[in-house]
Amino acid sequence: MDLLASPGLIISLIIVAIGVLLIVKGLVIVRQSEVMVVERLGSFNRLLESGINIIIPFIEQPRAISMIRYRKQGEEYYPIATDEIRIDRRETVMDFPGQPVVTTDNVTVTINGALYYQIIDPKRAVYEVANMSQAVEVLAKTTLRSVVGKMELDKLFESRAEVNNAIQSAMEEPASKWGVKISRVEVQDIAMPEEVESAMRLQMAAERKRRATVTEAEGEKSAAIAMAQGQRESSILNAEGDKQSAILRAQGEQESIKLVLSAIGETEENKRTVVGYLLGQSYIKALPTMAKDGERVFVPYESSALLGSMGMFREMAGSPEEVVSQHVRNRQSGADLRSGMVGGAAGQG
């Protein structure tokens, strides 16, 4: 009993216990992608990288860094503040709650964004700023208001990528002073007031209706152009047909006149008689058409003379066709066509 209770043994046990405590306190294991900032007597000493590290207890202490993270419950975000002695070097996402922003056309929208950042210099993140995560968050919000405040609402929806790049570029320089790298910024959601959203729906419907009307008008225009081109080509073809038909008719009449003149003789009197007969036929064919336009028909004086000449021609010699036939028969029999016509007239007298 005296041996166990001796002062030397008690002191030895105390020394061993203190040694074990110092070893436990001084042995620090840092995980991969983490780092610790160590202070000796209140001033920065070194960084503890991943693996097994030894510090002097009570003299060297790890310096904690303040972090704020948000937890989403329903539609609300709740901040959670923590002091962490292990600094994570991995890329971290900060999903901060929606912020009201006023655009250049005086529309207040609520924008919910996500920020991706990475601590590349733990010493600066601890000593250059009081609360690194809060500083990055406030910087992101103010930059978001500054960038979006220079844009109109329609432009904001059309150019989210431009907004993201502008925010990231504006945050890179001040964040680098804190040992933080801004990887990217994403605008997640844009909420508008109900009246603005309703007005945009009406505008969208009107724009779609306008596009439909323009498309329909373009279709009608194309159809009208195609129809006009078809009618033009048809008119050209009809005109070409009429031209060829008129030429053929004129050639036929020319051949008919030549045959009649060759049958009765090509004297000036016979030529006038044949021409008068042909013109009289043309007037007779035109009389039914003239009569359709009214109850009274006014016949020109020249047409009366031509019709009289036509009647005289028929009384004296019959139709030109008959004259041609008779001329052919008389030639076959050796008689003269003109003497036959005069003899016939004398017999009638």
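This is a short walk through some side chains of the structure above and the contacts they make. Keep in mind as you look around that the model is predicted.

Let's begin with the charged residues. A search of the whole structure turns up 13 salt bridges, and a few of them are worth visiting one by one. Find Arg86 and Glu34, whose side chains meet in a salt bridge with 3.9 Å from N to O. Arg86 sits in the loop between strand 7 (76–84) and strand 8 (87–88), while Glu34 belongs to strand 2 (residues 34–40), so this pair ties together parts that are 52 residues apart in sequence. How much of each partner is open to the outside? Arg86 has 31% relative accessibility and counts as partly exposed, whereas Glu34, with a relative accessible area of 12%, is buried. The cut-off helps here: Glu34 is called buried because its 12% falls under 20%. There is a third residue to add to this picture, since salt bridges that share partners join Arg31, Glu34 and Arg86 into one network.

Now move on to Arg46 and Glu60. These two form a salt bridge as well, and their closest N and O atoms are 3.1 Å apart. Arg46 is in strand 3 (residues 43–48) and Glu60 is in strand 5 (residues 60–63), 14 residues apart, and the pair links distant parts of the chain. Is Glu60 buried or exposed? Glu60 is buried, with a relative accessible area of 2%, while its partner Arg46 is partly exposed at 23% relative accessibility.

The next stop is Arg90, whose side chain meets that of Asp88 in a salt bridge at 2.8 Å, N to O. Asp88 is partly exposed, and its relative accessible area is 23%. Arg90 also leads us to a residue further along: the side chain of Thr92 reaches the backbone oxygen of Arg90 at 3.3 Å. Thr92 itself lies in strand 9, which covers residues 92–102. Which residues does Thr92 touch once its neighbours within four places in sequence are left aside? They are Leu115, Tyr116 and Tyr117.

Finally, let's leave the charges behind and look for a nonpolar patch on the surface. Ile10, Ile14, Ile18, Leu21, Leu22, Leu41, Ile56, Phe58 and Ile59 form this patch, and together they have about 860 Å² of accessible area. Take Ile18 as one of its members. You will find Ile18 in helix 1, which spans residues 7–26, and with a relative accessible area of 46% this residue is partly exposed.

Technical notes. Residues are numbered from 1 along each chain as its sequence is written. This is a predicted model: local features need pLDDT of at least 70, side-chain atom pairs count only at pLDDT 80 or more; totals for chains, interfaces and linings use all residues. Side-chain values use heavy atoms; hydrogens and water are left out. Helices (H or I, at least four residues) and strands (E, at least two) are DSSP runs, numbered from the N terminus. A polar contact is a pair of N or O atoms within 3.5 Å; within protein, one must be able to donate a hydrogen and the other to accept it, and residues adjacent in sequence count only if both atoms are side-chain atoms. Contact means heavy atoms within 4.5 Å. A salt bridge is a side-chain nitrogen of Lys or Arg within 4 Å of a carboxyl oxygen of Asp or Glu. Buried means under 20% relative accessible area, exposed over 50%, partly exposed in between (1.4 Å probe, protein chains only). Patches are made of residues with over 30% relative accessible area and no salt bridge: like charges are joined within 9 Å, nonpolar side chains (Val, Leu, Ile, Met, Phe, Trp, Tyr) within 5 Å. Accessible areas come from the Shrake-Rupley method with a 1.4 Å probe; for residues, only the protein chains shown count as cover.
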